[in-house]
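Visitor: I have a model to look through. Can we take it in short turns?

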Amino acid sequence: TLKGKTAVVTGSNSGIGLGIVKALVEAGADVVLNSFTDRDEDHALAEEIGKAHGVKARYIAADMSKGDDCRALVTKAGSCDILVNNAGIQHVAPIDEFPVDKWNMILAINLSSAFHTTAVALPMMRKAGWGRIVNIASAHGLTASPFKSAYIAAKHGIVGLSKTTALETAGQSITCNAICPGYVLTPLVEAQIPDQMKTHNMGRDEVIKKVMLDRQPSREFATVEQIGGTTVFLCSESAAQITGTTISVDGGWTAM
Ligand code: NAD
């Protein structure tokens with residue numbers, strides 16, 4: 001059980017981040033939800049989750065494209081036993097046409113944010129004598145596809161950052177690992193479907209099976225619940241000696 005532990009999950013008002021929050025509160029953790037928006041519905045979501053599970057749940061707005069915001073998020077959380085770096089965005093274009101601002105934004109949100117949050121969280125974890133850092137990478141942290149240069153560079157980068165964090169915390173009851181999901185049906189993936197339908201001149205179902213899940217031998221999307229469950233496992237005592245590595249949840253993608 002994670003009772004009494006506080007988890008900070010970046011980019012958690014939708015998709016995989018929200019799935020991870022739900023799994024962590026089911027395991028008894030208090031949680032801090034985050035995104036860059038500061039709407040009533042964001043705070044209401046946290047309140048609802050807290051009430052339903054009898055845990056403390058707060059929403060703290062912070063823009064993960066800005067280093068100072070990343071650091072302030074963990075400072076404002078007050079304690080951070082579990083840090084899940086999940087916020088991420090995607091842009092698809094050939095390298096020679098890739099917009100520079102998109103490149104910079106993807107590197108900032110998908111990679112540098114984890115450096116900033118980790119830098120503030122580590123002293124807190126060392127003081128508490130326990131910590132877990134789970135970085136949400138991707139099958140694209142281990143393999144590549146064309147037209148996703150920034151995303152793939154950032155995801156390979158976060159796998160490297162996870163290894164370094166593990167070495168700097170070894171023997172301190174702190175672990176750091178990266179989860180590498182294949183395709184999970186979330187708003188981020190949903191948003192890619194219309195483009196892919198146009199590019200390949202296919203219907204929705206055909207593009208899902210033949211194009212999107214072409215690399216995923218199971219031909220099934222992974223679920224946010226499965227990513228949540230993997231995160232809770234990495235926070236458990238069974239995983240105390242698992243550090244500096246990756247866990248793929250990708251239906252066999254990276255076995256090919
Ligand atoms: P999503 O778009 O549903 O969620 C992304 C989350 O990040 C949202 O909560 C969004 O509000 C937040 N976010 C975006 N920009 C932010 C910013 N500047 N500051 C703070 N928060 C911000 O996408 P998702 O599919 O749930 O993706 C979550 C993570 O999982 C990402 O890192 C993504 O790369 C990774 N991932 C997703 C898949 C997939 O198939 N969905 C596969 C592998 C890895």
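Guide: One cut-off to begin with: two residues are in contact if their C-beta atoms, placed from the backbone, lie within 7 Å. The model is predicted.

Visitor: Leaving aside its neighbours within four places in sequence, which residues is L24 in contact with?
Guide: L24 is among the residues with the most contacts inside the largest nonpolar core. Set aside its neighbours within four places in sequence. The contacts of L24 are then L2, A7, A29, V31, I82, T231 and V232.

Visitor: Which helix gives the largest share of the largest nonpolar core?
Guide: This core has 67 residues, and V8, V21 and L33 are among those with the most contacts inside it. Its largest share is 8 residues, and they come from α4.

Visitor: Is L161 buried or exposed?
Guide: L161 sits in helix α5, residues 149–169. Outside its neighbours within four places in sequence, it is in contact with A114, F115 and N135. The cut-off for burial is 20 or more other C-beta atoms within 10 Å. L161 has 21 such neighbours, so it counts as buried.

Visitor: How many Å apart in space are L161 and T75?
Guide: In sequence, 86 residues separate L161 from T75. In space, C-alpha to C-alpha, the figure is 21 Å.

Visitor: Where does the ligand shell lie with respect to the domains?
Guide: The shell has 29 residues, with G11, G15, G88, T186 and L188 the closest. Helices α1, α4 and α6 each supply at least two of the shell residues. Domain 1 (6–182 + 222–248) and domain 2 (185–220) both contribute, so the shell lies between them.

Visitor: How many charged residues does the shell around the ligand have?
Guide: Sort the shell by class. It has 13 nonpolar and 15 polar residues. The charged count is 1.

Visitor: How many residues of domain 2 are in contact with domain 1?
Guide: The C-alpha centres of the two domains lie 25 Å apart. On the domain 1 side, 6 residues make contact. By class, that side has 2 nonpolar, 4 polar and no charged residues. From domain 2, the count is 4.

Visitor: What is phi of R219 near, in degrees?
Guide: Most residues other than glycine have a negative phi. R219 lies in the loop between α8 and α9. It is partly exposed, because 13 other C-beta atoms lie within 10 Å. Its phi is positive, near 55 degrees.

Visitor: Which loop holds S173?
Guide: S173 also has a positive phi, near 60 degrees. With 13 C-beta neighbours inside 10 Å, it counts as partly exposed. Its loop is the one between α5 and β6.

Technical notes
Residues numbered from 1 in each chain as written. Predicted model: local features only at pLDDT ≥ 70, side-chain atom pairs only at ≥ 80, totals over all residues. Near = placed C-beta within 6 Å. Helix = DSSP H or I, 4+ residues; strand = E, 2+ residues; numbered from the N terminus. Nonpolar A, V, L, I, M, F, W, Y, C, P; charged D, E, K, R; others polar. Domains from an automatic or database assignment. Core = buried A, V, L, I, M, F, W, Y, C linked by C-beta atoms within 7 Å. Buried ≥ 20, exposed ≤ 12 C-beta atoms within 10 Å, placed from the backbone.
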